[in-house]
Amino acid sequence: MSQRIYDYRILLPFCKTNEQNLLLFLSKLLIKLLLSESRSRTHKQKPQQQHIIILSLLFQMDDHQDIEIPEYFICPISLQIMKDPVTAITGITYDRESIEHWLFQGNNNAECPVTKQPLPKDLDLTPNHTLRRLIQAWCADNSAYGIDRIPTPKAPLSKLQIIKLIKDIWKPELQTKTLIQLEVFAAENERNRKCMAEAGVPRAMLTYIVNCCDKNQVGGLEGALSILHFFKITSEYMKLSAFEIDKIVESFTWVLALDDESIENHKEIKSHALRILKNIIQAASSKFLQRLKPQIFQNIIRVLKQRVIAQQGINAALKLMLDACPSGRNRMIMVESGAVFELIELELTASEKKTTELILGILFHLCSCADGRAQFLSHRAAIAVVTKRIMQVSPAADDRAILILSLICKFSGNFNFVVQEMSRV
């Protein structure tokens with residue numbers, strides 16, 4: 001019991017920083033002890049000793065509540081003490097992390113949370129060094145009450161720093177170190193990613209991957225893909241010629257075809273490659289979808305068959321296939337590559353609603369042609385697995401499943417067989 005009493009005393013330094021949670025915890029604990037004492041007439045001494053300790057904590061918390069945080073130290077968004085105060089063009093000061101998150105989440109219609117005036121997404125925020133020093137001094141003066149000192153924030157990443165790092169990528173002796181540094185910056189926050197995008201990092205990583213493909217070298221490939229997956233590839237980055245886009249897609253097709261034994265972390269590499277490839281193809285023109293090479297579909301289906309990628313990679317591959325389905329040429333390539341059979345096999349083990357919706361969407365398109373329907377019927381579990389998904393996943397999945405079964409029934413030479421298979425489910 002003495003150990004449990006000691007545990008309660010450990011809470012003393014946290015009385016200020018976690019007042020509300022501790023107050024709730026200690027109040028519940030005191031009530032619990034009082035109830036347990038009322039139910040038992042033995043062991044009275046130790047519970048009473050615990051009561052004294054808990055009540056002393058509650059009194060100390062009440063004393064700490066007299067310490068008031070200056071109002072101008074509080075960020076209007078997070079309602080927490082500011083760590084890196086910055087002033088917007090409206091004259092209002094916010095914590096940098098909070099206002100930047102607000103701006104990035106506001107699309108093109110961000111406004112000042114306090115004044116409601118419009119704010120541009122590329123807003124220049126002015127560091128309020130005077131206020132930061134005041135906050136740091138106040139925290140230091142109140143450290144005895146559990147207030148943590150706020151460290152001086154690091155200087156924001158600059159475009160010149162990134163441009164220098166991009167140049168260092170092409171120096172063999174600095175390549176690995178540079179890629180790691182860029183990945184750390186990209187993972188840190190949205191502000192860094194915005195700066196890196198403006199400096200041309202996505203374009204540089206695409207060029208690097210194309211170079212790896214041309215030389216058939218995998219050194220640095222994982223780092224480049226890891227950096228690139230932090231960025232949403234939009235039409236802004238796709239101001240490329242048709243030849244350049246073809247080379248980029250060809251290089252990602254090469255990544256998907258790499259032997260798993262020849263690269264480390266092949267699961268992560270191929271998952272990143274599929275997610276990035278999906279974004280690149282979505283950003284390209286609709287005409288580009290109509291001239292995708294058969295190898296890309298063949299490699300995607302092979303990767304799906306091997307089950308060597310993460311769930312996000314699987315969904316990215318399926319979304320890419322679904323986007324390409326409106327083209328009759330692409331549908332025929334997928335069917336010839338065995339897509340229908342492999343999609344049914346994948347659905348047998350699918351655990352996510354989104355995955356099922358994507359699979360059924362692709363199957364609907366592929367079953368619109370005779371060869372696709374023939375391949376569908378060649379799988380003994382096809383009718384059963386599609387029928388089971390009706391009323392089990394989502395309205396969108398229901399629509400696709402019913403359309404698939406209607407196509408099979410309409411064009412099947414043995415309507416009764418299809419009905420019998422459905423009735424067995």
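**Entry 1: H12 and H15**

I looked up how helices H12 and H15 (DSSP runs of H or I, at least four residues, numbered from the N terminus) lie relative to each other. H12 (residues 266-283) packs against H15 (residues 311-324) at about 30°, with the axes 8 Å apart; axes are lines fitted to C-alpha atoms over the stretch in contact, and angles run from 0 to 180 degrees between N-to-C directions. The two are therefore roughly parallel (angles under 35 degrees). I noted the crossing of H12 and H15 as left-handed, meaning that the near helix is turned anticlockwise from the far one by less than a right angle. Contact (heavy atoms within 4.5 Å) involves, among others, Leu 274, Leu 277 and Ile 281 of H12 and Ala 316, Ala 317 and Leu 320 of H15.

**Entry 2: source**

I am working on a predicted model, where local features need pLDDT of at least 70, side-chain atom pairs count only at pLDDT 80 or more, and totals for chains, interfaces and linings use all residues. Residues are numbered from 1 along each chain as its sequence is written, and side-chain values use heavy atoms, without hydrogens and water.

**Entry 3: nonpolar cores**

I looked up the largest nonpolar core (buried Ala, Val, Leu, Ile, Met, Phe, Trp, Tyr and Cys joined through side-chain atoms within 4.5 Å; buried is under 20% relative accessible area, 1.4 Å probe, protein chains only). Among its 93 residues, Ile 162, Met 205, Phe 252 and Phe 376 touch the most other members. Helix H9 (residues 201-215) supplies the largest share of this core, nine residues. Beyond its neighbours within four places in sequence, Phe 252 contacts residues including Leu 206, Ile 209, Ile 276 and Leu 277. Another core, of 20 residues, lies apart and includes Leu 103 and Ile 135.

Conventions:
Buried means under 20% relative accessible area, exposed over 50%, partly exposed in between (1.4 Å probe, protein chains only). Angles under 35 degrees count as roughly parallel, over 145 as roughly antiparallel, 65 to 115 as roughly perpendicular and the rest as oblique.
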